[in-house]
Amino acid sequence: MTKIELPKVKIKSPDMNEKRLSELYRIMPDLFDSEGQLDETQLRSLFPSDQTIRMEKFRFEWVGKQESKYRSFTSSLSTLVADEQRSVNFEKTKNLFVEGDNLEVMKLLQTTYFEQVKCIYIDPPYNTGTDFIYQDNFVEEKKAYWQKTGTVKEGVKLVALTETNGRRHSKWLNMMQSRLYAARNLLRQDGAIIIHIDENEGHRLRMLLEEVFGDTNFLGEIIWDKRNPKGDSGKVSYQHESVLIFAKNIMQFREQNQLTVPKRNAVMMLKKASHYFSMVGKKITRPRMEEALAILGIEETEEHQEIYTLEDANHDYQKWLKDQGQSISGGEAAYKFIDDQGKVYREVSMAWPNSQPAPRDYLIPLTHPLVGKPCPVPSKGWRNPPQTMKKLLDRDQIVFGEDETTQPRRKYLLEENMTENLASLLYYGSSDEAKLKKMGIHFDHPKPVEVAKRLMMGFLDHGDIVMDFFAGSGTTGHAIMEMNSEYHKDIRFILIQIPETINGSHGAFKAGYKTVSNLCIDRLKKVGENFLEHASIFLDVGFRVYHLTESYFPENKFKPNPSKSPQENRSDFKKYLESLSQARLFNDDEFLNVITEISLKNGYGLFYTLHKLDEDFVENSVYQLTGNDKDTLLCLDLDLKEETVNNFVDHYSDHQLILSADGLDSGDNWILRKTFGDCITVV
């Protein structure tokens, strides 16, 4: 590894530029200690050496930690290529599906999507002790790990070596750390990350997230009770998963988010109550009377009917709520009354909540509207001042008893309280396997769509972007489509999935799917088709598919061969440079892929437009590239003609230029450098 010498850093110099320090903290808070001081050790860890690696100990340290962190900030030598055949509505959709290693993909998205993603929602591979498919090259073999950590010295084992030891955890943490740092750069300042995890690495992931995002940005942990305990003999039988949630910047998060979610059954409850209330005042035959008449063979007449009352409506509505069981939470089930206006409400105490006594005017009694006598006042007084109590009375939001002996209570209308706080407990034991099989999708233990929706709802609004870089079977994309349909939003998704091979014994393999990414794409297509059949509004159920491949500009790929002499390596490097000119002679099939790479890596994104300027430029092929609300002129020709250069200078001097290195060096093009300066990008 190349050693990089850093200048000595004066950590507390009074001459340090505060603005620059503030910006550094915003971008990389992990370089500062708990008191906000720049930590020289963390700064130097960005440039690891053999010495720093040898010094790694367990303080929440693990082998490969510094190199893993360093790798998350290195440039990618890959690119993304569009796959229109596997895409849906390629030209108009705003959604992305990228097939490839998620670390490399997120590096490529940095320029375009830096601080653009509102919510990251992932269900990473859990560390069960088996190998997983993200084989980053800094993950070590067992022998190297044991020797580096001192577990083996001169061939002698010093401790028992089992798969529960550090290597298993280090491997998983290295994989996660590099990806979390890369993902953090993509999050908006008011964004958040939501991560599922089980008991194997839950506590370590929490510590890792505190390092990456800062412990002050911890928003909470949700326990998902899956209602199905694991049958692990001799240990606690787990029936839950943890969901860890961190903000990018908790101050900005709080300014932009309330962290509330829609009450899951509120709409259904209002509809059911409306049905019962619509019957009030009508004549009906009671169910028991209908049964008796049927048994006796007597024809039903008006004599057998009774007036359906508001009391009847409340009785039937409350019976229906009870019949729903645990599917309606306690908070929702409290809205069990229907008033004389057909409004659904719950009753809440209006007693003064504090230990200190209320002001004297908070003890004024309320007069019962029917009997005209004062009602009991709570021992400490009312919760609200007299002016507020009057407003509640005027709006019919206070509930009185049959007479003055009952203490009045506050009426909360369901229609005014359709959301609730995101709670730390989530009960959901159903599975989507049967539903997916009906669609022809076979995937073992898919994450339930309903769980994904409940967890993401409080973080998203119209136009936001969600990213899932462990996309799996596509639950996140499915959930976003449902949310857009139900709440008429336009939330976009970015899904990333490595083309993991499906085991031959898996039901998905038998159904014809060779990779998880193919299964995910097919699921999204089928879900989208289903929504389009029933949608009454426009829904973006399309997605562009891209896959990871080698860069079309391989300048940085040459590596000296250690077995060759310096003279041989220099000769090889010269031949390599000569080959690059030929590599720039792209054929028609490659041209758009090259443009995509240029656009992606220069911040114009994947949703760019390309327009050839035939009328203005005759001697060379010049294009206008537009994306992300900016544009540039682009020419990849190896030889820029004099007429083209003059046209650039005379008519486009206020534009950005993207030129090939050969084109810029052709002829006497000093005038381009003089005119455009830093506005020229060389590829």
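Residues are classed as buried under 20% relative accessible area, as exposed over 50%, and as partly exposed in between (1.4 Å probe, protein chains only). By this criterion glutamate 241, with a relative accessible area of 9%, is buried. The structure is a predicted model, in which local features need pLDDT of at least 70 and side-chain atom pairs count only at pLDDT 80 or more, whereas totals for chains, interfaces and linings use all residues. Residues are numbered from 1 along each chain as its sequence is written, and side-chain values use heavy atoms, with hydrogens and water left out.

Salt bridges were considered next. Side chains of opposite charge can pair when their charged atoms come close. With a salt bridge defined as a side-chain nitrogen of Lys or Arg within 4 Å of a carboxyl oxygen of Asp or Glu, a search of the whole structure returns 33 such contacts. Glutamate 241 and lysine 226 are joined in this way, at 2.8 Å from N to O. This pair links distant parts of the chain, 15 residues apart: glutamate 241 belongs to strand E8 (residues 240-247), and lysine 226 to the loop between strand E7 (218-225) and E8. Helices (H or I, at least four residues) and strands (E, at least two) are DSSP runs, numbered from the N terminus. Lysine 226 is partly exposed, its relative accessible area being 27%.

A salt bridge of 3.2 Å (N to O) connects the side chains of aspartate 101 and arginine 179. Its partners lie in distant parts of the chain, 78 residues apart, with aspartate 101 in the loop between strand E2 (96-99) and helix H5 (102-113) and arginine 179 in helix H7 (residues 166-186). Both aspartate 101 and arginine 179 are buried. Aspartate 339 forms a salt bridge with lysine 411, the closest N and O atoms being separated by 3.2 Å. Here, too, distant parts of the chain are linked: aspartate 339 is in the loop between strand E12 (337-338) and strand E13 (344-348), and lysine 411 is in strand E15 (residues 409-413), 72 residues apart. Aspartate 339 and lysine 411 are both buried. In addition, Glu450, Lys453, Arg454, Glu482 and Glu486 are joined into one network by salt bridges that share partners.

Aromatic pairs were assigned to rings of Phe, Tyr and Trp (its six-membered ring) with centres within 6.5 Å; planes under 30 degrees apart count as stacked, over 60 as edge-to-face and the rest as tilted. Twelve aromatic pairs are found in the whole structure. The rings of tyrosine 317 and tryptophan 320 have centres 6.2 Å apart and planes at 20°, so this pair is stacked. Both residues lie in helix H12 (residues 310-323), three residues apart, about one turn of the helix, and both tyrosine 317 and tryptophan 320 are buried. One aromatic cluster is formed by Phe213, Phe218 and Phe246.

Isoleucine 598, in helix H21 (residues 588-601), is buried at 2% relative accessibility. Its C-alpha atom is 9.2 Å from that of threonine 79, although the two residues are 519 apart along the chain.

The loop between H11 and E11 contains isoleucine 298, which is partly exposed with a relative accessible area of 44%. Glutamate 300 lies in the loop between helix H11 (287-296) and strand E11 (306-307) and is partly exposed at 39% relative accessible area.
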